[in-house]
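This report looks at charged side chains and their surroundings in one chain. The sequence and coordinates come first, and the text then works from the salt bridges towards the sheet and the chain as a whole.

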Amino acid sequence: MNEQGRGIRLAPRVVVAPGELEVRATRSGGPGGQHVNTSSTRIELSWNVAASPSIAEDVRERLLDRLSARLHGEGILRVVASGSRSQRRNRQEALERMRELVQAALKRRKRRRPTKPSRAAVQKRIDEKKRRSERKRRRRPPRPDE
């Protein structure tokens, strides 16, 4: 998990100290037979985004805003991995998932450019509405007073 002792890179502008990530191993469900009942291979990886001293304030604000649905408690991002029977592989998988979440949250979204429908598109829509209206009018039974 350590990247040459400098910290763990979660995104281009986010490198956190190894002590900031809390790793917890618990017993996992799923395939594995009796092995599952005796070994703690499920990994819970937690990072307190709100209190992290490793990230800039603007990065923190963006992460807290974009990841708000995934944050627990006071700004804690938690990722769980239990797909493998190996604790090491689950740890790598959890770290990779956390990287993906952080990178997706920091990715700048393109601004929408408001567009206007062309005159031909507007005319086509109106013509289609008229055709549909005429078709439905012809389905009605004739009125008695006519």
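In this predicted model, R132 is partly exposed, with a relative accessible area of 38%. Its salt-bridge partner is E128, and the closest N and O atoms of the two are 3.8 Å apart. E128 is likewise partly exposed, its relative accessible area being 28%. Both residues belong to helix α4, which covers residues 119-139, and they lie four residues apart, about one turn of the helix.

A further salt bridge of the helix links R137 to E134, with 2.6 Å between the closest N and O atoms. Because R137 and E134 are three residues apart in helix α4, about one helical turn separates them. R137 has 45% relative accessibility and therefore counts as partly exposed, and E134, at a relative accessible area of 30%, is partly exposed as well. Elsewhere, R24, R42, E44 and R78 are joined into one network by salt bridges that share partners. Side chains of opposite charge can pair when their charged atoms come close.

The structure holds 10 salt bridges in total, and the table lists some of them.

| Salt bridge | Closest N to O distance |
|---|---|
| R132 and E128 | 3.8 Å |
| R137 and E134 | 2.6 Å |
| E44 and R42 | 2.8 Å |

Is E44, the acidic member of the network, buried or exposed? With a relative accessible area of 9%, E44 is buried, because the cut-off for a buried residue is under 20%. R42, with which E44 meets in a salt bridge at 2.8 Å, N to O, is partly exposed at a relative accessible area of 21%.

The polar contacts of E44 can be read alongside this network. The side chain of E44 makes a polar contact with the side chain of R42 at 2.8 Å, and another with the side chain of R78 at 3.3 Å. When neighbours within four places in sequence are left aside, the residues in contact with E44 are E22, V23, R24, T26, R78, V79 and V80.

E44 is found in strand β4, and this strand is mostly covered, five of its seven residues being buried. In a regular strand the side chains alternate between the two faces of the sheet.

Where does β4 stand in its sheet? The sheet is open and consists of four strands in the order β3-β4-β6-β5, with antiparallel pairing. The strands β3 (21-26) and β5 (71-72) stand at the edges, and because each has a single partner strand, one side of each is left without a neighbour in the sheet.

The pairing of β4 can be followed on both of its sides. Towards β3, six bridges join the antiparallel strands, β4 comprising residues 42-48, and A25 has I43 of β4 as its bridge partner. Towards β6, the pairing is again in the antiparallel sense and extends over six bridges, with I43 standing opposite A81 in β6. I43 can thus be used to trace a path across the sheet, from A25 on one side to A81 on the other.

A helix packs against these strands. Helix α3, formed by residues 87-106, lies across β3, β4 and β6 (76-81), and its direction makes an angle of about 140° with β6.

The remaining values describe the chain as a whole. The chain contains four helices and six strands, and from the N terminus on these elements follow the pattern β-β-β-α-β-α-β-β-α-α. Of the 146 residues in the chain, 27% are buried, and E44, at 9% relative accessibility, counts as buried too. The chain exposes about 11000 Å², of which carbon and sulfur atoms supply 47%. Among the contacts between residues at least 6 apart in sequence, 57% join residues at least 24 apart.

Taken together, the charged pairs described here occupy two settings. Within helix α4, R132 and E128 lie about one turn of the helix apart, and about one helical turn likewise separates R137 from E134. In the other setting, the network of R24, R42, E44 and R78 includes a residue of strand β4, namely E44, which is buried.

How values were computed:
Residues are numbered from 1 along each chain as its sequence is written. This is a predicted model: local features need pLDDT of at least 70, side-chain atom pairs count only at pLDDT 80 or more; totals for chains, interfaces and linings use all residues. Side-chain values use heavy atoms; hydrogens and water are left out. Two strands pair if DSSP finds at least two bridges between them. Helices (H or I, at least four residues) and strands (E, at least two) are DSSP runs, numbered from the N terminus. Contact means heavy atoms within 4.5 Å. Axes are lines fitted to C-alpha atoms, for helices over the stretch in contact, and angles run from 0 to 180 degrees between N-to-C directions. Buried means under 20% relative accessible area, exposed over 50%, partly exposed in between (1.4 Å probe, protein chains only). A polar contact is a pair of N or O atoms within 3.5 Å; within protein, one must be able to donate a hydrogen and the other to accept it, and residues adjacent in sequence count only if both atoms are side-chain atoms. A salt bridge is a side-chain nitrogen of Lys or Arg within 4 Å of a carboxyl oxygen of Asp or Glu. Accessible areas come from the Shrake-Rupley method with a 1.4 Å probe; for residues, only the protein chains shown count as cover.
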